[in-house]
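Subject: Structure for you to look through

Hello,

Here is the structure I said I would pass on. Please open it next to this message and follow along.

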Amino acid sequence: TINRREKRIVAKPQITSRGFVYVKASRDLILESAEMVEVIVEKHLHDSEFEWGKLKQDIREQLGHYLFDQTKRRPVILPVIMDASQRPRK
């Protein structure tokens, strides 16, 4: 979850794995992945031309390369990003 107006991450990335790696045995891999996503999101938040599609594509590409290097597997990566900076509807 991000706040685009304040250009900050509101909630840390959460990595969920289904059938890719055994989570308990790959705790470091999951933590490193979450840190990588956080860095990518921070970079995009401070970019003058923020684009949702570009952010999601960067996460898929960079995280995909990292996970392949570590596991020699290519998981499906589905970034879900929520924006908490939207004003409530009236």
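Is K7 buried, partly exposed or exposed? K7 counts as partly exposed, because its relative accessibility is 35% and the partly exposed class runs between the 20% and 50% cut-offs. Please keep in mind that this is a predicted model.

K7 lies in the loop between strand 1 (2-3) and strand 2 (8-9). The phi of K7 is near 55°, a positive value in a residue other than glycine. K72 is another such case, with a positive phi of about 60° although it is not a glycine. For background, most residues other than glycine have a negative phi. K72 is placed in the segment after helix 2, and K72 counts as exposed because its relative accessibility is 57%.

Now the chain as a whole. The secondary structure comes to 2 helices and 2 strands, and along the sequence the pattern reads β-β-α-α. The C-alpha trace spans about 45 × 25 × 20 Å along its principal axes. The protein chain has 90 residues, of which 31% count as buried. About 7,000 Å² of the chain is exposed, and carbon and sulfur atoms supply 49% of that area. As for charge, there are 18 positive and 13 negative side chains, and the centres of the two sets lie 7 Å apart.

How far apart in sequence are the residues that touch? Among contacts between residues at least 6 apart in sequence, 59% join residues at least 24 apart. Two pairs give C-alpha distances to check on screen. E32 and Y66 are 34 residues apart along the chain, and their C-alpha atoms are separated by 9.4 Å. E32 is found in helix 1 and is partly exposed, with a relative accessible area of 41%. Q14 and L78 are 64 residues apart in sequence and 12 Å apart in space, C-alpha to C-alpha. Q14 sits in the loop between strand 2 and helix 1, and at 71% relative accessibility Q14 counts as exposed.

Next, the inside. The largest nonpolar core has 16 residues, and those touching the most other members are I2, L29, V41, L55, I59, L63 and L67. The elements that give two or more residues to this core are helix 1 (27-45) and helix 2 (52-71).

I2 is worth selecting by itself. Not counting residues up to four places away in sequence, I2 touches R8, I9, V10, V41, L45, F50, W52, I81, M82, D83, A84 and S85. One of these partners, V41, is also among the core residues that touch the most other members.

Another partner of I2 is D83. Where is D83 placed? D83 is in the segment after helix 2. Is D83 buried or exposed? D83 counts as buried, because its relative accessibility is 18% and the cut-off for buried is under 20%. Leaving aside neighbours within four places in sequence, D83 is in contact with I2, N3, R4 and W52. With R4 there is a polar pair to look for: the backbone nitrogen of R4 lies 3.5 Å from a polar atom of the D83 side chain. W52 appears in both contact lists, as a partner of I2 and as a partner of D83.

Regards

Key. Residues are numbered from 1 along each chain as its sequence is written. This is a predicted model: local features need pLDDT of at least 70, side-chain atom pairs count only at pLDDT 80 or more; totals for chains, interfaces and linings use all residues. Side-chain values use heavy atoms; hydrogens and water are left out. A nonpolar core is a set of buried Ala, Val, Leu, Ile, Met, Phe, Trp, Tyr and Cys residues joined through side-chain atoms within 4.5 Å. Buried means under 20% relative accessible area, exposed over 50%, partly exposed in between (1.4 Å probe, protein chains only). Helices (H or I, at least four residues) and strands (E, at least two) are DSSP runs, numbered from the N terminus. Contact means heavy atoms within 4.5 Å. Accessible areas come from the Shrake-Rupley method with a 1.4 Å probe; for residues, only the protein chains shown count as cover. Lys and Arg count as positive and Asp and Glu as negative; His and the chain ends are not counted. The place of a charge is taken as NZ of Lys, CZ of Arg, CG of Asp or CD of Glu. A polar contact is a pair of N or O atoms within 3.5 Å; within protein, one must be able to donate a hydrogen and the other to accept it, and residues adjacent in sequence count only if both atoms are side-chain atoms.
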